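Good morning, colleagues. Please look at the sequence and the model on the screen while I go through the main points.

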Amino acid sequence: MKIGGHGEFWMVIGPVVAVGLLATYFAGGPQDAIIIAERAATEAWTMAVTALRR
């Protein structure tokens, strides 16, 4: 038995895409958004490695 309709996938993906577009706009453009995302990923990786080494 399936719960929901055929548009359920877009009800999840739509807001995720919208948040991504808004974040890109407020970051100053796609290039700046990528730089911010890379910096955040590097910091998250460093924190995870540091936590595992302790």
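Of the 54 residues of this protein, 4% count as buried; please bear in mind that the model is a predicted one. The protein exposes about 5,100 Å², and carbon and sulfur atoms supply 71% of that area.

Turning to secondary structure, the protein has 2 helices and 0 strands. Helix α1 covers residues 8-27, with leucine 22 among them. Is its length what one should expect? Rather, let me ask: what span should the 20 residues of α1 have? At 1.5 Å a residue, the expected value is 28 Å, and the end C-alpha atoms of α1 lie 29 Å apart, so the two agree. Just after α1 comes glycine 28, which takes a positive phi of about 110°.

I now come to the surface. Which residues form a nonpolar patch there? They are Leu22, Tyr25 and Phe26, and together they have about 420 Å² of accessible area. As a general point, an α-helix has 3.6 residues a turn, so residues three or four places apart point the same way.

Two members of this patch deserve a closer look. Tyrosine 25 has 62% relative accessibility and therefore counts as exposed, the threshold being over 50%. Phenylalanine 26, at 67% relative accessibility, also counts as exposed.

Finally, the aromatic rings: the count comes to 1 aromatic pair. Its partners are tyrosine 25 and phenylalanine 26, whose ring centres are 5.3 Å apart. Their planes stand at 75°, so the pair is edge-to-face.

Methods
Residues numbered from 1 in each chain as written. Predicted model: local features only at pLDDT ≥ 70, side-chain atom pairs only at ≥ 80, totals over all residues. Heavy atoms only, no water. Phe/Tyr/Trp six-rings, centres within 6.5 Å; stacked < 30°, edge-to-face > 60°. Buried < 20%, exposed > 50% of the residue type's maximum accessible area, 1.4 Å probe, protein only. Helix = DSSP H or I, 4+ residues; strand = E, 2+ residues; numbered from the N terminus. Areas by Shrake-Rupley, 256 points an atom, 1.4 Å probe, with all protein chains shown as cover. Patch = residues over 30% accessible without salt bridge, like charges linked within 9 Å, V, L, I, M, F, W, Y side chains within 5 Å. Salt bridge = Lys/Arg side-chain N within 4 Å of Asp/Glu carboxyl O. Expected span 1.5 Å × (residues − 1).
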